[in-house]
Amino acid sequence: METKYIEKVAKMNSGKNLKYAIYTMGCQLNENDSERICGMLEEMNYTKAEKVEDANIVVFNTCCVRENAEDRLFGKLGEMKRLKEAKGTIIAIGGCMMQEKVMVEKINNSYPYVDIIFGTHTLHKLPEDIYQVLINNKGVEDIIDIDGEIIEGFPIKRNDNIKASVTIMNGCNNFCTYCIVPYVRGRERSRNPQDIINEVQCLAKQGYKEITLLGQNVNSYLVSKKINQENISYEVAIEDEKLIVNSFATLLRAINKIKGIERIRFISPHPKDFTNDVIEAIRDCDKVCKLIHLPLQSGSTEILNKMNRKYTKEQYLNLAKKIKEKIPEVVFSTDIIVGFPGETEEDFNNTMEVVNQVKFEQIFMFIYSIRVGTPAEKMEDQVPEKVKHERFERLKKLYEELVAKRNKDYVDKVQTILVEGKSKTNSNILTGRTESNKVINFEGSEDLIGQVIKLKIVSEHMWYLKGERI
């Protein structure tokens, strides 16, 4: 990316002790974008504020997948007016929500003191937007509707020094009927494999132990290029070795060879794109965690069809079975939406049946909320809120019962964990995670932080296990 505006703003800010604050609302892709925003701001001579009242610039990185994100944003914007009047704080709003015209109109009409509005495709232009506000003292709206390019070379300020996320692609081609993402993040665009390899190698040299590969649909990495008849065979260099990357499976195999990285995770894949080569790569790569996120959304074939998910209940169960046969130690996490339009009691019971069969290690549960601009918004048979919440509680109860049973299986077993740091509630206790993402608390010295060690599990609790050094 161009750095001239970063340099211009940095020069203007030199010696002024200016502060920034950032609010991140959304998924891990949003969190990754926020790390880039923080990187740019720090290059422009802003330092992170301890509290928002001290900030000279406040950035909101928004999400539009859940309704409560809108409520959070507007609540915070109301608070910002006082800050703006008191010290002239620059207020910037970016992210997915700003790709929705109705949201931009609402902000312009109801919150005219917002200085910068930028979209998902213009993140790299934030330094230029800040420069324009500083020079001209008037608002900037920097949004494009077309798919943005993949921009490399962002400065980045990461929130962790052990685990890091790496975006491998942007956008989505699936158009699930409940989802606004394809409309706000655009079509699938895959990063060049060598750029991904270079970023992971850099992280390894900095001491990072775990990486998570990010994308709206990671296992369709490079597929859109193939559809467009572009060359998708890339030769990449790792150490002194040359490898060919032409798919998500080959990307996993390449990253698995990078020295220093101990664990590789990825989210989110799509069941319809879980091809044999991906399953075999997970099986063969010793660093790829054997926890697979396999979004279900619903266990009803009829509802899956209405969602445009492109698989049936039976196909999903067969896929889970096939993966378990090829990777016996595998466990699954999933996403489930409760109360999609038209969901009957029978449809919901089908979801409960799949949960009972697969026995997910983790379930991320969501109550369906209408997203303006999606096909599901106009569907008839919207499920009453009371029914949605009642079903959500039943699913939650089943999940907690399964977790409690699963936790007992860990007791007296030896688990390999990555030690992430001190417990937030007890500084004398260290905490880490297993490959299956279970939280393990144990007593140990600080020099273990960042190491991969083995623990024996001695007791189980609902949301964590307790371990002892062997």
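Me: A cavity is a set of points, on a 1 Å grid over the protein atoms alone, where a 1.4 Å probe fits but cannot get out. How many of 30 Å³ or more are there?

Reply: This is a predicted model, with residues numbered from 1 along each chain. Local features need pLDDT of at least 70, side-chain atom pairs 80 or more, while totals for linings use all residues; hydrogens and water are left out. The count is one cavity. Its volume (the space filled by probe spheres set on the points) is about 350 Å³.

Me: Which residues line the largest cavity nearest its centre?

Reply: Lining residues have an atom within 4 Å of a point. The largest cavity has 23, with Asp 33, Thr 120, Leu 123, Phe 154 and Asn 170 nearest its centre. Six lining residues are nonpolar, ten polar and seven charged. Helix α2 (residues 28-43; a DSSP run of H or I, at least four residues) gives the largest share, four residues.

Me: Which residues have the most contacts inside the largest nonpolar core?

Reply: Such a core joins buried (under 20% relative accessible area, 1.4 Å probe) Ala, Val, Leu, Ile, Met, Phe, Trp, Tyr and Cys through side-chain atoms within 4.5 Å. Here the largest has 78 residues, led in contacts by Leu 213, Phe 248, Ile 255 and Phe 274. Another core, of 30 residues, lies apart from it and includes Phe 74 and Tyr 111.

Me: What does helix α7 pack against?

Reply: Its buried residues include Ile 196, Val 200 and Leu 203. The buried residues of α7 pack against α2, α9 (248-255) and strands including β7 (163-167) and β10 (210-214).

Methods
Buried < 20%, exposed > 50% of the residue type's maximum accessible area, 1.4 Å probe, protein only. 1 Å grid on protein atoms, 1.4 Å probe; cavity = no way out; pocket = protein on both sides within 12 Å on 5 of 7 lines; lining within 4 Å. Helix = DSSP H or I, 4+ residues; strand = E, 2+ residues; numbered from the N terminus. Nonpolar A, V, L, I, M, F, W, Y, C, P; charged D, E, K, R; others polar. Contact = heavy atoms within 4.5 Å.
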